[in-house]
Amino acid sequence: MATKAALEAQLAVVAGFENPKVSLEQYPTPPDLAAHLVHLADLRGDIEGTTVLDLGTGTGMLALGAALRSPARVVGVELDPDALETAVDNARRVGASAPIHWIRGDATRLPVSLPDDQPITVLMNPPFGAQRGNEHADRAFLEAVSRVADVSYSVHNEGSKEFVESFVADAGGELTDAFRATFDLERQFDFHDADRRELDAEVFRIEW
């Protein structure tokens, strides 16, 4: 297994959003966070030989990270066609050998048939629901995950643990791991008042 540092270096070539859409809360997942999440999932045996599903894949960061760790296949679902086009280009840059299927559609409605002959691991950085009119957007993603996944790893806004624990308990799952993450984001939208900002987040591993 390659090191986490090596994985981060491979993911450093992944391009972000050219025209990010505020309605979709399109923020890139930084390579260091993606590498940490994928490496942890791999150490737990949740990548190799599984179907990895990246909901709201954006430009493919988590999907491509997983594709570098010997899954049976990777499926990236994304509503934005521009982001998917970039994801396809990113796959060429990264050069992963695992089969990757890019699907355009609503990740909360899963417009794809998933195989039932191997475990399904979900990796996702869903919208935090931080924008007015888009509150609790991550709930819809968790609802979709609860219907298909054996295990999931997801990134949420800081302060989400109580909500996630409650949701998972109601869905009959188990929250097995939780840790904080902090990463820098470059200015993307006009309403951002700084060129860079530090974002506090939480990452959860859930068995369904």
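**Notes on a predicted model**

1. Serine 70 sits in the loop between H3 and S2. The model is a predicted one. The phi of serine 70 is near 65°, which is a positive value in a residue other than glycine. Is serine 70 buried or exposed? Neither label fits: at 48% relative accessibility, serine 70 counts as partly exposed.

2. Now the overall layout. The protein has 6 helices and 7 strands. Along the sequence, the pattern reads α-α-β-α-β-α-β-β-α-β-α-β-β. Of the 208 residues, 47% are buried. Take the contacts in the protein with a separation of 6 or more: 72% of them come from residues 24 or more positions apart.

3. Strand S1 covers residues 51-55. How many of its residues are buried? The count is 5 of the 5, so S1 is largely enclosed by the rest of the structure. Look at the directions too. Thr51, Leu53 and Leu55 point one way, while Val52 and Asp54 point the other way. Both sets are buried.

4. S1 has two pairings to check. With S2 (residues 73-78), S1 pairs in the parallel sense over 5 bridges. Leucine 53 has valine 75 of S2 as its bridge partner. S1 also runs parallel to S4 (residues 120-124), and 5 bridges join these two strands. Here valine 52 stands opposite threonine 121.

5. The link from S1 to S2 deserves a look in the viewer. Helix H3 (residues 61-67) joins with S1 and S2 to make a β-α-β unit. This unit is right-handed. Serine 70, from the opening point, belongs to the loop between H3 and S2.

6. Helix H2 spans residues 31-43, with 13 residues. Its first and last C-alpha atoms are 18 Å apart. That is close to the 18 Å expected at 1.5 Å a residue. Which residues of H2 are buried? They are Leu33, Ala34, Ala35, Leu37, Val38, His39, Ala41 and Asp42. Just after H2 comes glycine 45, with a positive phi of about 80°.

7. Next, the nonpolar cores. The largest has 35 residues. Leu64, Trp102 and Leu123 have the most contacts inside it. Several elements each supply at least two residues of this core, among them H1 (4-11), H2, H3 and H4 (81-94). Strands that do so include S3 (100-104), S5 (151-157), S6 (174-186) and S7. There is also a second, separate core of 18 residues. It includes Ala107, Ala144, Phe167 and Phe204.

8. Follow leucine 123 on its own. Leave aside its neighbours within four places in sequence. Its contacts then include Leu37, Val38 and Ala41, which are among the buried residues of H2. Leucine 123 is also in contact with Val52, Leu53, Asp54 and Leu55, and these four are buried residues of S1. Other contacts of leucine 123 are Ile47, Leu62, Ala66 and Tyr153.

9. The structure holds 2 aromatic pairs. In one, the rings of phenylalanine 163 and phenylalanine 167 have their centres 6.4 Å apart. Their planes meet at 55°, so this pair is tilted. The two residues are 4 apart in helix H6 (residues 161-170), so about one helical turn separates them. Phenylalanine 163 is partly exposed, at 21% relative accessibility. Phenylalanine 167 is buried, with a relative accessible area of 10%.

10. The other pair joins phenylalanine 167 and tryptophan 208. Why is this pair called edge-to-face? The ring planes stand at 80°, so the pair takes that label; the cut-off is over 60 degrees. The ring centres are 6.4 Å apart. Phenylalanine 167 lies in H6 and tryptophan 208 in the segment after S7 (196-207), so the pair ties together parts that are 41 residues apart in sequence. Tryptophan 208 counts as partly exposed, at 22% relative accessibility. Together, Phe163, Phe167 and Trp208 form a cluster linked by ring pairs.

11. Last, alanine 140. This residue is in helix H5 (residues 137-148). Alanine 140 is partly exposed, with a relative accessible area of 28%. How are alanine 140 and proline 127 placed? They are 13 residues apart along the chain, and their C-alpha atoms are separated by 9.8 Å.

Definitions and conventions
Residues are numbered from 1 along each chain as its sequence is written. This is a predicted model: local features need pLDDT of at least 70, side-chain atom pairs count only at pLDDT 80 or more; totals for chains, interfaces and linings use all residues. Side-chain values use heavy atoms; hydrogens and water are left out. Buried means under 20% relative accessible area, exposed over 50%, partly exposed in between (1.4 Å probe, protein chains only). Two strands pair if DSSP finds at least two bridges between them. A crossover is right-handed if, with the strands pointing away from the viewer, the path from the first strand over the helix to the second runs clockwise. The expected span of a helix is 1.5 Å times one less than its number of residues. Rings of Phe, Tyr and Trp (its six-membered ring) pair if their centres lie within 6.5 Å; planes under 30 degrees apart count as stacked, over 60 as edge-to-face and the rest as tilted. A nonpolar core is a set of buried Ala, Val, Leu, Ile, Met, Phe, Trp, Tyr and Cys residues joined through side-chain atoms within 4.5 Å. Contact means heavy atoms within 4.5 Å.
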